[in-house]
Amino acid sequence: MEPVGAPFHSGLLRHTPKRRNVPGCRAHLFRRLQGQAAASMESPAAFRVPNPGWPHTHHWVAVAAVCLAAVAWKLAALLAQRRRALRSVESFPGPRAHWLFGNVREIKRDGTDLDRVVKWGEQHPYAFPLWFGPFVCYLNIHHPDYVKTVWTSSEPKDRLAYSFIEAWIGDGLLVSKGQKWFRHRRLLTPGFHYEVLKPYVNLVSASTTTMLDKWERYAKSNESFELFEHVSLMTLDSILKCAFSDDSRCQTESGTNAYIKAVYELSYLVNLRFRTFPYHSDLLFYLSPHGFRFRKACKVAHGHTEEVIRKRKEALKEENRPDGIQAKRNKDFLDILLLARDENQQGLSDKDLRAEVDTFMFEGHDTTASGLSFILYSLACQPEHQRLCREEILRTLDGRDSFSWEDLGKIPYTTMCIKESLRLYPPVPGASRVTTKPMTFFDGRTLQAGCYVGTSVFGIHRNAAVWENPNVFDPLRFLPENVSKRSPHAFVPFSAGPRNCIGQTFAMNELKVATALTLKRYQLIEDPTQKPKLLAQLVLRSINGIHIRVKAADVQ
Ligand code: HEM
């Protein structure tokens, strides 16, 4: 038994360095505290010589020791992670990385970053490592033969990059893995059956027309205007109408849409978090002002989603018969989510439901907004291709103002221009995975288990070893005879393999309808004073916006 007033903490200090096991230290301390308490009870001296200050001090010393041990343990783990990563990428030379910052200082967010990645790719064929701080390394791959190995494998999404987005979109289809992903993919696939997609053509047409009506004033004034903002509202309107039968009127309601603002904020903050090494820690991020802003924006986004689900549950109750939906309105994506049952007749939990709705809301509008904005911009810069597309569209529509399901397959030249724009400006510029077992590429180089692999879709699409004059807009690359000469993994805006984009047919249809109706009504004109400065921020954006001018199209 320790005498009262003995250097209780010195005993602790004596023991602590020898012990690696932190809980062990806690137990030791606990036993001693018990002993101390018992001694105090037994010894009247404890009452005679009160010393209320030092047990407190002792408590803090113990806490500090535990914290120190935890920090030391974390540091050791991080150093081991760095050693592992260094070993794993040693056969992949890459750009010089600072020991502390890695390559982060070269990410300047000034519109040159993606070009820099392409340049690095020219110096380091197939793949090269990129360091985000001292411990996190991604093998950045930018060649079809390499991406094939990664995307045909069943390796999961990496929990680092995707965990930053998970607080927002939950463990939905984009992020989940294993059995959960498989079950959800099976439950949600019927939502993209062509019978479900068919009526969407009219809904997308309606949303596009609302946007084009708003452009009348720009056509009259001949002023240059920022496109992305308009298109974002249009694609949000369209996904709300198609997937959730929700006529939000978000394009015409006054003021900026709070949900759109929240989505912008969330995209920015997820990207910032990725680039800022200390923010990789949940604790530091959520205690920071950026973490506070993230939580606030998440609240707005989640509130929006919950409202959409709540309204539908009420509507379904009113309809009362799931099979009665068809009579009143088309069965939409939300109906499919709410009514989906697996072989055990199990549906999705409320949590899973919100995650899937958030995933579709994000994936279903931000990506198409990016795609369509750059398509219209590309055509503004390519008057001759634009003219050919318009001629084809006018021929197909033959005097009609609306676009039909059957028309989708009748505009091959416009479709090639859309694909060429998706090549030059892929809306999802990159995606990543983590290896759970060693991965050997076609040239014999191997990446160990536990490594992050980033696929640069932008890098593949601009790879000069794959595409001749990669920066030139040339839709004829997508003539069937030219496509057949290329690797199927050379053009991958929607990813490939089992984790490819479930919404790609929906997205392509939307891009075709919106492009066709826009070209029918307006001539798109480049604004040479405002070139887009590209930025990969979850989706491809432009730092300075995307500016064009429009004037009424000559449809004679
Ligand atoms: C131009 C528009 C679009 C592009 C370029 C695009 C691209 C992609 C890409 C590259 C992926 C793979 C991401 C990864 O591996 O991390 C993906 C996945 C996904 N996309 Fe899209 N997407 C588009 C539109 C849509 C739409 C409209 C929806 C829904 C309505 C959607 C829903 C999804 C979902 C749920 C996944 C995850 C699939 C899975 O892992 O099983 N996307 N998309």
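Which element gives the largest share of the shell around the ligand? In this predicted model, helix α18 does, with seven residues. The helix spans residues 350–381. Together with α23, α18 makes up the elements that give two or more residues to that shell.

The shell around the ligand holds 23 residues. Gly364, Thr367, Ala431, Cys501 and Gly503 come nearest to the ligand. By character, the shell divides into 12 nonpolar, seven polar and four charged residues.

Cys501 deserves a closer look. The UniProt entry, which is unreviewed, lists this residue under "binding site". Cys501 sits in a loop, with α22 (480–483) before it and α23 (504–521) after it. Is Cys501 buried or exposed? Cys501 has 20 C-beta neighbours inside 10 Å. The cut-off for burial is 20 or more, so Cys501 counts as buried. Beyond its neighbours within four places in sequence, Cys501 is in contact with Phe494 and Ser495.

Now step back to the whole protein. The chain forms 23 helices and 11 strands. Of its 556 residues, 39% count as buried. Take the contacts with a separation of 6 or more: residues 24 or more positions apart account for 77% of them.

Helix α5 shows how burial can be laid out along one element. The helix covers residues 113–123, and Leu114, Val117, Val118 and Gly121 are buried in it. Why do these four lie on the same side of α5? They cover an arc of only 100° around the axis, and therefore share one side of the helix. Lys119 and Gln123 are on the other side of α5, and they are exposed. What do the buried residues of α5 pack against? Their partners are two strands from distant numbering, β7 (452–456) and β9 (534–537), along with strand β2 (136–141) and helix α21 (457–461).The loops on either side of α5 each hold a residue with an unusual sign of phi for discussion here. Before the helix comes Arg109, in the loop between α4 (53–88) and α5. Phi of Arg109 is near 55°, a positive value in a residue other than glycine. Arg109 has 14 other C-beta atoms within 10 Å, so this residue is partly exposed. After the helix comes Tyr126, in the loop between α5 and β1 (127–132). Phi of Tyr126 is also positive, near 70°, and Tyr126 is not a glycine. Is Tyr126 buried or exposed? Tyr126 counts as buried because 21 C-beta neighbours lie inside 10 Å.

Strand β1 follows that loop. Pro129 is found in this strand. Pro129 has 25 C-beta neighbours inside 10 Å and therefore counts as buried. Which residues is Pro129 in contact with, leaving aside its neighbours within four places in sequence? They are Val89, Phe92, Gly94, Cys137 and Leu139. Pro129 can also be paired with Gly454, which is 325 residues away in sequence. In space, the two C-alpha atoms are 9.3 Å apart.

Conventions. Residues are numbered from 1 along each chain as its sequence is written. This is a predicted model: local features need pLDDT of at least 70, side-chain atom pairs count only at pLDDT 80 or more; totals for chains, interfaces and linings use all residues. UniProt positions are given in the numbering used here, feature names are shortened, and annotations may be inferred rather than shown by experiment. A residue is buried if 20 or more other C-beta atoms lie within 10 Å of its own, exposed if 12 or fewer, and partly exposed in between; C-beta atoms are placed from the backbone. Two residues are in contact if their C-beta atoms, placed from the backbone, lie within 7 Å. The arc is that of the directions from the helix axis to the C-beta atoms. A residue is near a molecule or strand if its C-beta atom, placed from the backbone, lies within 6 Å of it. Ala, Val, Leu, Ile, Met, Phe, Trp, Tyr, Cys and Pro count as nonpolar, Asp, Glu, Lys and Arg as charged, and the others, Gly among them, as polar.
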